[in-house]
Amino acid sequence: MSLIAFAGRRLVGAAVLLVVLSAVVFAATAVLPGDAVSAVAGVDASAAQRAEVRAELGLDRPAAERYAHWVEDAVRGDLGHGFVGDRPVTDVLATRLPNSLLLAGLTLAVTAPLAALLGLWTGLRGGGADRFVSTAAQILAAVPEFVVAALLVAVLAVWLELLPRVSVIPLGGTPLDVPHALILPVLTLSAVGLAVATRLLRVSVADAAATPYCEAARLNGVRGVRLAVRHILPNAAGPAVHALTLTTGALIGSAVVVENVFDYPGIGRELQLAVAARDIPMVQGIATVLAGVMLVVLLTGDICARLLGAREGHGR
């Protein structure tokens, strides 16, 4: 199958899956604990006031009709307005999503090279170093993100007083205006991502090192850095891309927790506030866009792995 056909099939599959996920998100918001009408009208509103607010919000219409109308508007780029503050969902996404992408990008810039070095070292070396790093990564991967964040705050912010406890961004500014406010969130996400990526990359390197191709290289006297660069890395590149793709997916989920811990002005923080306020349009729009971002990451990873696999095949 050609690369274009492969990408086309993956793109169609991603589009179908996004529609399914949007329907799941829409259905999930309908069963959220609490009542959006009470959140908007107030708990002391009369039955008539509640009915009026329900009609204004469109919640008196059947769910299928509301979903069809939402999809029709979403295709045109209109994700509606939030119940709280009547903010356009697209404006919130345009403001907050770049902050989250910046956080994820910085985290990957730290995680990817470290995970590649640790994965390559442990996968080739084996023995006690491999067991130590693998065990440490397993333990770190099992620790919840908020615990890692709390430990970093306790050490770097409270004890050593080197960094701020929360990521306070100037009004109208961006996180780049106060780069020190990014350090703790990036360190927290990097710890989680490094644990996941190192274990996945270690397996890829160990599998590549055990192939007959690499065994033949060893018999011909190829050792050390030359073996790693010329034979191990090309064979492990495809699985490594998938490993980093999965790591990125884990970071998206972890970012929601980390942004709330540090009060970072990202899209995960907005999603948590929208859920707490029962702001259904905001939850639907943000959750669907986050699902779309994840699908784009997976699609990009599949295409890159396919390209690397083709090059590897030609190289042999």
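Author: A salt bridge is a side-chain nitrogen of Lys or Arg within 4 Å of a carboxyl oxygen of Asp or Glu. The model discussed here is predicted.

Reader: Which residues are linked with Glu72 in a network of salt bridges?

Author: Glu72 forms a salt bridge with Arg76, and their closest N and O atoms are 3.5 Å apart. That distance falls within the 4 Å cut-off. The network linked by salt bridges holds Glu72 together with Asp73 and Arg76.

Reader: Is Arg76 buried or exposed?

Author: A residue counts as exposed over 50% relative accessible area, and as partly exposed between 20% and that limit. Glu72, with 46%, is therefore partly exposed. Arg76 has a relative accessible area of 58%, so Arg76 is exposed.

Reader: How many salt bridges does a search of the whole structure find?

Author: Side chains of opposite charge can pair when their charged atoms come close. One such pair is Glu65 with Arg61, whose closest N and O atoms are 3.9 Å apart. Over the whole structure, the search gives a total of eight.

Reader: Arg10 forms a salt bridge with Asp302; how many residues apart are they?

Author: The closest N and O atoms of Arg10 and Asp302 are 3.3 Å apart. This pair links distant parts of the chain, with Arg10 in helix α1 and Asp302 in helix α12. Their separation along the chain is 292 residues.

Reader: Why does Arg61 count as partly exposed?

Author: Partly exposed lies between the buried limit of 20% and the exposed limit of 50%. Glu65, the salt-bridge partner of Arg61, is in this class because its relative accessible area is 41%. Arg61 is also partly exposed, because its relative accessibility is 31%.

Reader: Which helix gives the most to the lining of the largest pocket?

Author: The largest pocket has a volume of about 400 Å³. Among the 20 residues that line this pocket, Leu57, Arg61, His81, Phe83 and Pro281 are the closest to its centre. At least two lining residues come from each of α3 (47-57), α4 (63-75) and α12 (280-315). With four residues, the one that gives the most is α4.

Reader: What accessible area does the nonpolar patch with Leu17 have together?

Author: Leu17 lies in helix α1, residues 3-30. Patch residues need over 30% relative accessible area, and Leu17, at 38%, counts as partly exposed. The other members of this surface patch are Val12, Val16, Val20 and Val24, and the accessible area together is about 420 Å².

Methods: Residues numbered from 1 in each chain as written. Predicted model: local features only at pLDDT ≥ 70, side-chain atom pairs only at ≥ 80, totals over all residues. Heavy atoms only, no water. 1 Å grid on protein atoms, 1.4 Å probe; cavity = no way out; pocket = protein on both sides within 12 Å on 5 of 7 lines; lining within 4 Å. Points joined across faces, edges and corners; volume = space filled by probe spheres on them. Patch = residues over 30% accessible without salt bridge, like charges linked within 9 Å, V, L, I, M, F, W, Y side chains within 5 Å. Areas by Shrake-Rupley, 256 points an atom, 1.4 Å probe, with all protein chains shown as cover. Buried < 20%, exposed > 50% of the residue type's maximum accessible area, 1.4 Å probe, protein only.
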